[in-house]
2 protein chains.
Amino acid sequence: MTTEWLRDSLGGAGHRVTGPRLAVWSVVAGTPHLTAEEIAQVVRDTDPTVNLSSVYRSLSLFAELGLVRESSLDTGGPSHWELAHADEQFHMRCRSCGKVEHHHGDLVERVVGHLTNDHGFIVEQVDLLVTGLCSECSRSQSPSARPSRSR
Amino acid sequence: MTTEWLRDSLGGAGHRVTGPRLAVWSVVAGTPHLTAEEIAQVVRDTDPTVNLSSVYRSLSLFAELGLVRESSLDTGGPSHWELAHADEQFHMRCRSCGKVEHHHGDLVERVVGHLTNDHGFIVEQVDLLVTGLCSECSRSQSPSARPSRSR
DNA sequence: GCTTTATTGCGAGCTTCTCGCAATTGAGAT
DNA sequence: ATCTCAATTGCGAGAAGCTCGCAATAAAGC
């Protein structure tokens, strides 16, 4: 989570430690679920010269190094980025207020075990997204029709 | 799964039964995991006048009616469409051969119960994607680095 | 400091998907 | 059957999200 970690990961893989990379890193490490565009905006508060492509390239590199993860919470919308977390963490997104929170559960371990033992499938990554109504929104709303598709 | 089902769903909601909709429906019902573009191509084998926008509009409508589901298996890539299935079904995608298969498990019920009871979260939809190496590919490969991002 | 080469900014461009509008067509009323 | 009229379609323009090539810049070893 610290920038030392980033320096080590980059250096160890023969990549350079640059301004844009450090800036992107600190934003991603500070706030999860941001889009590349949002990250770019925060980065530009400090250094307005940083280009959006560099943000994308930094994020892609971090993802290759296993430091960061891309998750598409909205099909059709932009991807969101966050620190690579253990698979046991999954996303809960409220359809009403849009809030996304992390949640921890042990069920992922069970799926992994089942697939490995019974199906010879080597699990590398698990992405679990639960959509619904959070406790606040469910109090003020009646659970109506399915979420509609919109951008 | 039959076209009668579609007729009823459309008519019941005040929508018309049209050629493009029937064509899109039969393709989606016949083959899962196709992209809109792929669906359009198959549809055009029968009726070359059907436009890609109509395919998108049909799919969006079906999704609103709860008949079909959009799933983004590749972040950044095009969405894939399939018949709405029970949440207990989830996707297993092989990183090496790209094959996607459905798998059934009871873990989703457990998550739902846990979140409902302990967190007041009303679950409406669960999306689970497991990425890794299928049994065939894991025999001929050594499980190497994390999957890299590429379009 | 100097050199080398990875990295960046910039802009063009690609892919996926959406939207407005005029033309068409389904389905209830006649 | 035919008519009527709103729902739907095809079409093209265009938005959003992301990628890529290239010249300029800057990190890191010497």
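Axes here are lines fitted to C-alpha atoms, for helices over the stretch in contact, and angles run from 0 to 180 degrees between N-to-C directions. With that convention in hand, we can turn to the helix pair that links the two protein chains of this predicted model. Helix H5(A) and helix H5 of chain B, residues 107-119, pack at an angle of about 175°, and their axes lie 10 Å apart. Angles over 145 degrees count as roughly antiparallel, and H5(A) and H5(B) are therefore roughly antiparallel to each other. The residues that meet are A:Leu107, A:Arg110 and A:Val111 in H5(A) and B:Leu107, B:Arg110 and B:Val111 in H5(B). In terms of class, this helix contact contains 4 nonpolar residues, 2 charged residues and no polar ones.

The view can now be widened to the whole contact of the two chains. Chain A contributes 40 residues to it and chain B contributes 41 residues. On the side of chain A that touches chain B, the elements giving two or more residues are helix H4 (52-64), helix H5 (107-119), strand S6 (122-133) and helix H6 (135-140). Strand S6(A) supplies the largest share of that side, with 12 residues. Sorted by class, the side of chain A that touches chain B holds 16 nonpolar, 16 polar and 8 charged residues.

Strand S6(A) also takes part in a pairing across the chains. It is joined by 11 bridges to strand S6 of chain B, residues 122-133, and the two run antiparallel. Within this pairing, A:Thr131 stands opposite B:Gln125 in S6(B). The two S6 strands belong to an open sheet of 6 strands with mixed pairing, in the order S5(A)-S4(A)-S6(A)-S6(B)-S4(B)-S5(B). At the edges stand S5 of chain A and strand S5 (100-104) of chain B; each has a single partner strand, so one side of each is left without a neighbour in the sheet. On average, and with direction ignored, neighbouring strands of this sheet are turned by 25° against each other.

On the chain B side of the sheet, strand S4 (residues 89-94) and S6(B) pair in the parallel sense over 4 bridges. There, B:His91 stands opposite B:Leu129 in S6(B). The H5 helices come back into the picture here. H5(A) packs on the sheet, where it touches S6 of chain A together with S6 of chain B, and its direction makes about 140° with that of S6(A). H5(B) likewise packs on the sheet and touches S6 of chain A together with S6 of chain B, its direction making about 140° with that of S6(B).

A closer look at one residue of edge strand S5(A) is useful. A:Val100 lies in strand S5 of chain A, which covers residues 100-104. A residue is buried if 20 or more other C-beta atoms lie within 10 Å of its own and exposed if 12 or fewer do; with 18 C-beta neighbours inside 10 Å, A:Val100 therefore counts as partly exposed. Leaving aside residues up to four places away in sequence, A:Val100 touches A:His33, A:Leu73, A:His91 and A:Arg93. A:Asp8, by contrast, is 92 residues from A:Val100 in sequence and 31 Å away in space, C-alpha to C-alpha.

Chain A as a whole has 6 helices and 6 strands, which run α-α-β-α-α-β-β-β-β-α-β-α from the N terminus on. Further strand pairings are found in this chain. Strand S1 (residues 34-35) and strand S3 (residues 80-83) of chain A pair in the antiparallel sense over 2 bridges, with A:Leu34 opposite A:Trp81 in S3(A). Strand S2 (residues 68-71) of chain A is joined to S3(A) by 4 bridges and also runs antiparallel to it; here A:Val68 stands opposite A:Leu83 in S3(A). The C-alpha trace of chain A spans about 50 × 40 × 25 Å along its principal axes, and buried residues make up 26% of its 151 residues.

Both protein chains also contribute to the surroundings of DNA strand C. This strand is surrounded by 26 residues, the closest being A:His15, A:Asn51, A:Ser54, B:Ser53 and B:Ser79. Two or more residues each come from helix H2 (19-30) and H4 of chain A, and from helix H3 (36-46) and helix H4 (52-64) of chain B. H4(A) gives the largest share of this surface, 4 residues. By class, the surface near DNA strand C divides into 6 nonpolar, 14 polar and 6 charged residues.

Key:
Residues are numbered from 1 along each chain as its sequence is written. Chains are lettered from A and ligands numbered from 1 in the order in which they are written. This is a predicted model: local features need pLDDT of at least 70, side-chain atom pairs count only at pLDDT 80 or more; totals for chains, interfaces and linings use all residues. Two residues are in contact if their C-beta atoms, placed from the backbone, lie within 7 Å. Ala, Val, Leu, Ile, Met, Phe, Trp, Tyr, Cys and Pro count as nonpolar, Asp, Glu, Lys and Arg as charged, and the others, Gly among them, as polar. Two strands pair if DSSP finds at least two bridges between them. A residue is near a molecule or strand if its C-beta atom, placed from the backbone, lies within 6 Å of it. Angles under 35 degrees count as roughly parallel, over 145 as roughly antiparallel, 65 to 115 as roughly perpendicular and the rest as oblique.
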